[in-house]
Amino acid sequence: MIQERLQLGKKDIFLKTYLHEDQPFNPGRKRPLVIVIPGGGYEHIGFREREPVAVKMNSLGFHAVTLTYTIAPMKFPDALIDLANALALVREKAEEWHVDTDKIIICGFSAGGHLAASLGAFWNSKFLQDYIPHSPEKIKPNALLLSYPVVTSNEKYCHKGSITNVIGSISPEEASKICRSLGKDNMKEVVSIEKNITSDFPPTFIWHTIQDEAVPAKNTLLLADALYEAGIDCEYHLFNRGKHALSLATPEVANPDGTNTEKECSVWPELFVNWFEGLAISN
């Protein structure tokens, strides 16, 4: 495994690589790559959703990188810029890392899932181009893998901390400019993913649990319905048992008292692979 830390311009914003080494029995083999984005409510970066997930993805044949991104105090779209820069860097390194550039997946957990889905919604938007030096094609995700993601700003179902933190301290003038560009009335509509689904949204795999006490399952029900209406390839698994922030839901990510495991949810990586291998992906 090749591990390296790559800065993304700002202090404490970086990618950590988990790359398969080139093997003499199949030299130059190109693999899909997963960008892993931990959760944490946009106020911290979760540990159990970093390296354990990257290593699991390695075991399933993927290259992986983990992203440490901007958290509060921040302003929209700071974290989204970080992810766009990360994806552009992966594409720049694709030849060196032996990455299949048609198979770059963004895997986000909780608030990290919101961040992943935000790029899925806005990769070719005019407003984002004002903040980054990359063409839309450089930052287009080929697929999304969303684990119990924050989705909506709906007062009844939202994870209020994530929504508040991702909007952050944006000025009224900048907020008005973004809202006009996207045809939205306010920033809560901008960061409510289900309100920003178009035919350009990437194919998406989603899993969640009914027992999630932090991010209600209604978040992903709203998203799955919006994807269905837009005709986006989507697979959605809603498990009965399991609290929030399960990560792999295996003993590998368990708390000291053995909690944070849920056997029925631990199959999600294999379910994702089955879906992804059957997906016809094109740029």
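Let's start at one end of the sheet: β1 and β2 run antiparallel, joined by 3 bridges. One of those contacts is easy to find, since R5 has K16 in β2 as its bridge partner. This is a predicted model, by the way, so please keep that in mind throughout.

Stay with these two strands for a moment. Together β1 and β2 make a hairpin, with 6 residues between them. Look at G9 in the turn: its phi is positive, about 95°.

Before β1 comes a short word on the start of the chain. M1 sits in the segment ahead of β1. Is M1 buried, exposed or partly exposed? It is partly exposed, at a relative accessible area of 48%. Setting aside neighbours within four places in sequence, M1 is in contact with Y18, L19, E21, V55 and N58. For a distance to check on screen, take M1 and Y69. They are 68 residues apart along the chain, and their C-alpha atoms are separated by 23 Å.

Now the whole sheet. It is open, it has 8 strands, and the pairing is mixed. Which order do the strands take? Read it as β1-β2-β4-β3-β5-β6-β7-β8. The edges are β1 (5–7) and β8 (234–239). Each has a single partner strand, so one side of each has no neighbour in the sheet. From one strand to the next, the twist averages 20°. As a reminder, strands of a sheet pair through backbone hydrogen bonds, parallel or antiparallel.

Next, β2, residues 14–18. Of its 5 residues, 4 are buried, so β2 is largely enclosed by the rest of the structure. β2 pairs with β4 in the antiparallel sense, over 5 bridges. Two partners to look up: K16 stands opposite T66, and F14 has T68 as its bridge partner. So much for K16 on one side; recall that R5 of the hairpin is also a bridge partner of K16.

On to β4, residues 63–68. How many of its residues are buried? The count is 6 of 6. Both faces are covered. H63, V65 and L67 are buried on one side, and A64, T66 and T68 are buried on the other. β4 also runs parallel to β3, with 4 bridges between them. There, L33 has H63 as its bridge partner.

Further along the sheet, β6 and β7. These are residues 143–147 and 204–209, and they pair in the parallel sense over 4 bridges. S147 has W207 in β7 as its bridge partner. Now add a helix. α4 packs on the sheet and touches β3 (31–37), β5 (99–109) and β6. The direction of α4 makes about 135° with that of β5.

One more helix: α6, residues 160–167. Which of its residues are buried? They are S162, I163, N165, V166 and I167. The cover over them includes α4 and α8 (187–190). After α6 comes G168, and its phi is positive, near 60°.

Last topic, the cavities. There are 2 cavities of 30 Å³ or more.

The largest cavity has a volume of about 70 Å³. Its lining is H20, E21, D22, Q23, F25, N26, R29, R31, H63 and H98. You have met two of these names. E21 is a contact of M1, and H63 is a buried residue of β4. By class, this lining has 1 nonpolar, 5 polar and 4 charged residues.

The second largest cavity has a volume of about 50 Å³. Its lining is Y42, M74, F76, P77, D78, A79, L80, H114, L115, S118 and V166. Which elements give two or more residues to this lining? Those are α2 (78–92) and α4 (111–122). V166 is familiar too, as one of the buried residues of α6. And the classes here? The lining has 8 nonpolar, 2 polar and 1 charged residues.

To recap, take three things to the screen. Find the edge strands, β1 and β8. Find β4, with both faces covered. Then compare the two linings: 1 nonpolar, 5 polar and 4 charged for the largest cavity, and 8 nonpolar, 2 polar and 1 charged for the second largest.

How values were computed
Residues numbered from 1 in each chain as written. Predicted model: local features only at pLDDT ≥ 70, side-chain atom pairs only at ≥ 80, totals over all residues. Heavy atoms only, no water. 1 Å grid on protein atoms, 1.4 Å probe; cavity = no way out; pocket = protein on both sides within 12 Å on 5 of 7 lines; lining within 4 Å. Points joined across faces, edges and corners; volume = space filled by probe spheres on them. Nonpolar A, V, L, I, M, F, W, Y, C, P; charged D, E, K, R; others polar. Pairing = 2+ DSSP bridges. Axes fitted to C-alpha atoms, helices over the stretch in contact; angles between N-to-C directions. Contact = heavy atoms within 4.5 Å. Buried < 20%, exposed > 50% of the residue type's maximum accessible area, 1.4 Å probe, protein only.
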